[in-house]
Amino acid sequence: MYRTYIKDGIEQGAVELHQCSFSEALRAMIEHLSEGERKRLTVFRSSNAGQYEFQYE
């Protein structure tokens with residue numbers, strides 16, 4: 001999907017932008033981590049994560 005966004009005041013085009021919830025993005029990222037990296041992953045354990053569970057159609 002082609003989308004535009006503003007960077008440094010100039011409209012840019014991109015096909016790599018995606019809309020998803022926080023949990024979907026986190027799951028995709030975790031798939032590419034080693035077992036050791038997964039065990040050390042603590043930065044995303046936040047009580048505020050629920051605020052980023054966006055719903056898209």
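**Exercise 1. Fold and confidence**

How many helices and strands make up the secondary structure of the chain? Give their order along the sequence, and then state how confident the predictor is in them.

Solution.
- The model is a predicted one. Its chain has two helices and two strands.
- Reading along the sequence gives the pattern β-β-α-α.
- The mean pLDDT of the chain is 79, and 79% of its residues reach 70 or more.
- In the chain, strand β2 (residues 10-14) has the highest confidence, with a mean of 90. Helix α1 (residues 22-30) has the lowest, with a mean of 83.
- A caution applies to any reading of such a model: where pLDDT is low, the predicted coordinates should not be read in detail.

**Exercise 2. Surface and contacts**

Describe the chain by its burial, its exposed area and the sequence range of its contacts.

Solution.
- The chain has 57 residues, and 9% of them count as buried.
- About 5,200 Å² is exposed by the chain, with 51% of that area supplied by carbon and sulfur atoms.
- Among contacts in the chain with a separation of 6 or more, 27% are between residues 24 or more positions apart.

**Exercise 3. The hairpin**

How do strands β1 and β2 run, and how many bridges join them? Then examine Asp8.

Solution.
- Strand β1 (residues 3-7) and β2 run antiparallel and are joined by five bridges.
- One pairing can be checked in the structure: Thr4 has Gly13 in β2 as its bridge partner.
- The hairpin of β1 and β2 has two residues between the strands. Asp8 is located in the loop between these strands.
- The phi of Asp8 is near 55°, which is positive although the residue is not glycine.
- For comparison, most residues other than glycine have a negative phi.
- Asp8 counts as exposed because its relative accessibility is 71%, and the cut-off for exposed is over 50%.

**Exercise 4. Links across the sequence**

Is Ser21 buried or exposed? Which residues does Ser21 touch, leaving out those up to four places away in sequence? Repeat the accessibility step for Phe22.

Solution.
- Ser21 lies in the loop between β2 and α1.
- The relative accessible area of Ser21 is 5%, so the residue is buried; the cut-off is under 20%.
- Beyond four places in sequence, Ser21 touches Tyr52, Glu53 and Phe54.
- Ser21 and Phe54 are 33 residues apart along the chain, while 4.7 Å separates their C-alpha atoms.
- Phe22 belongs to helix α1. With a relative accessible area of 23%, Phe22 is partly exposed.
- Phe22 and Gly50 are 28 residues apart in sequence, and their C-alpha atoms are 8.0 Å apart.

**Exercise 5. The salt bridge**

Which side chains meet in a salt bridge, and how are the two residues placed in helix α2?

Solution.
- Counting the chain's salt bridges gives one, with a cut-off of 4 Å between the side-chain nitrogen and the carboxyl oxygen.
- The pair is Glu35 and Arg38, whose side chains meet at 4.0 Å, N to O.
- Glu35 and Arg38 lie three residues apart in helix α2 (residues 35-40), so about one helical turn separates them.
- Arg38 has a relative accessibility of 34% and therefore counts as partly exposed.

Conventions: Residues are numbered from 1 along each chain as its sequence is written. This is a predicted model: local features need pLDDT of at least 70, side-chain atom pairs count only at pLDDT 80 or more; totals for chains, interfaces and linings use all residues. Side-chain values use heavy atoms; hydrogens and water are left out. Helices (H or I, at least four residues) and strands (E, at least two) are DSSP runs, numbered from the N terminus. Buried means under 20% relative accessible area, exposed over 50%, partly exposed in between (1.4 Å probe, protein chains only). Contact means heavy atoms within 4.5 Å. Accessible areas come from the Shrake-Rupley method with a 1.4 Å probe; for residues, only the protein chains shown count as cover. pLDDT is the predictor's confidence in each residue, from 0 to 100. Two strands pair if DSSP finds at least two bridges between them.
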